[in-house]
Amino acid sequence: MESLIFYTGVIGNVISVLMFLSPVGTFWRIIKHRSTEDFESLPYVCTLLNSSLWTYYGIIKPGAYLVATVNGFGIVVEIIYVSLFLVYAPVKKRNKTAILAGILDVGVLAAAILATRLALHGEVRIDATGFMCAGLNIIMYGSPLAAMKTVVTTKSVEYMPFFLSFFFFLNGGIWTFYAILTRDYFLGVPNGAGFLLGIAQLVLYAIYKNAKPSINVSNRLEEGCEQESLISSSNYSN
């Protein structure tokens, strides 16, 4: 049983790393176009906070080093993603991202660590941190709901990256299995919810991947092409 738990955790780590890296294509597009377009920063801000708290949980809970290591990697990756939003987002969205990151990734994280370190001890501290992690994990998996709404409204999957949805699905499934083996309900409940949300996102992707975008999306894409042409012309003239 110990071997099964260990290897399941290792597989979970590999899938989690792939999940953290799955938006690389999206951010390469952001860097290339020098714009975040209609992509939302909330999933990455939430994931940064989530990874930070799970790292803390993995450190204070005996034997949970696999949880701490992969989420420590996630912290580094998510900081890069959020930073790119702060660089390339329009002013309004950049300010929104900065406020969200300040409140959630700095304020809430600091308050959670200080409260559990100063007021709680032993198993109570671990359980309290686990409750917070579980709640935030559900938020992390639920944050793409805004993108899902956009998919249904516009009938376009352009702003819901397939690989992010796919790895949410895989990540939720493997960590739910790991949680069952270790009887860790703090891992099991949110990752079970994430598994179901991942299925929902993949179903939406299958429905709308070949659908004709709505008129608003088509117009926006045409405007984007015209704007890109103007920028290119300006660059050549310089």
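**Figure 1. Thr-26 sits in helix H2 of this predicted model.** Helix H2 covers residues 24–33. Thr-26 has a relative accessibility of 9%, so the residue counts as buried, the limit being under 20%. Leaving aside residues up to four places away in sequence, Thr-26 touches Phe-39 and Pro-161. Thr-26 also falls within residues 6–30, one of the spans that UniProt lists as "transmembrane region" in an unreviewed entry.

**Figure 2. Arg-34 occupies the loop between H2 and H3.** The phi angle of Arg-34 is positive, at about 55 degrees, although the residue is not a glycine. Arg-34 is exposed, because its relative accessible area of 60% is over the 50% limit.

**Figure 3. Arg-183 lies in the loop between H8 and helix H9.** Helix H9 runs over residues 185–208. Arg-183 is not a glycine, yet its phi is positive, near 55 degrees. With a relative accessible area of 69%, Arg-183 is exposed.

**Figure 4. Helices H1, H3 and H8 each give two or more residues to the lining of the second largest cavity.** The model has two cavities of 30 Å³ or more. The second largest has a volume of about 70 Å³. Its lining residues are Met-19, Phe-20, Pro-23, Pro-43, Tyr-44, Thr-47, Glu-78, Leu-164 and Phe-168. H1 spans residues 2–21, H3 spans 42–60 and H8 spans 162–182. H3 supplies the largest share of this lining, three residues.

**Figure 5. Cys-46 and Cys-133 are both buried.** Cys-46 has a relative accessible area of 5%, so the residue is buried. For Cys-133 the value is 0%, and this residue too counts as buried. The count of disulfides in the model is zero, with sulfur atoms required to lie within 2.5 Å.

**Figure 6. Two annotated spans are shown end to end.** Residues 6–30 are 92% helix and 0% strand. Their end C-alpha atoms lie 37 Å apart. Residues 42–59 are 100% helix and 0% strand. Here the end C-alpha atoms are 26 Å apart. Both spans are listed under "transmembrane region" in the unreviewed UniProt entry. The other spans in that record are residues 65–87, 99–120, 126–147, 159–181 and 187–208.

**Figure 7. The chain is built from 10 helices and zero strands.** Along the sequence the pattern reads α-α-α-α-α-α-α-α-α-α. The chain has 238 residues, and 45% of them count as buried. Take the contacts between residues at least 6 apart in sequence: 80% of these join residues at least 24 apart.

**Figure 8. Confidence is highest in helix H4 and lowest in helix H10.** The mean pLDDT of the chain is 81, and 85% of its residues reach 70 or more. Helix H4, residues 65–88, has a mean of 92. Helix H10, residues 215–237, has a mean of 42. Over residues 221–238 the pLDDT is below 50. Beyond near neighbours in sequence, that stretch has one contact in the model. Where pLDDT is low, predicted coordinates should not be read in detail.

Definitions and conventions
Residues are numbered from 1 along each chain as its sequence is written. This is a predicted model: local features need pLDDT of at least 70, side-chain atom pairs count only at pLDDT 80 or more; totals for chains, interfaces and linings use all residues. Side-chain values use heavy atoms; hydrogens and water are left out. UniProt positions are given in the numbering used here, feature names are shortened, and annotations may be inferred rather than shown by experiment. Helices (H or I, at least four residues) and strands (E, at least two) are DSSP runs, numbered from the N terminus. Buried means under 20% relative accessible area, exposed over 50%, partly exposed in between (1.4 Å probe, protein chains only). pLDDT is the predictor's confidence in each residue, from 0 to 100. Contact means heavy atoms within 4.5 Å. On a 1 Å grid over the protein atoms alone, a cavity is a set of points where a 1.4 Å probe fits but cannot get out, and a pocket is an open set with protein on both sides within 12 Å along at least five of seven lines; lining residues have an atom within 4 Å of a point. Grid points are joined across faces, edges and corners, and a volume is the space filled by probe spheres set on the points.
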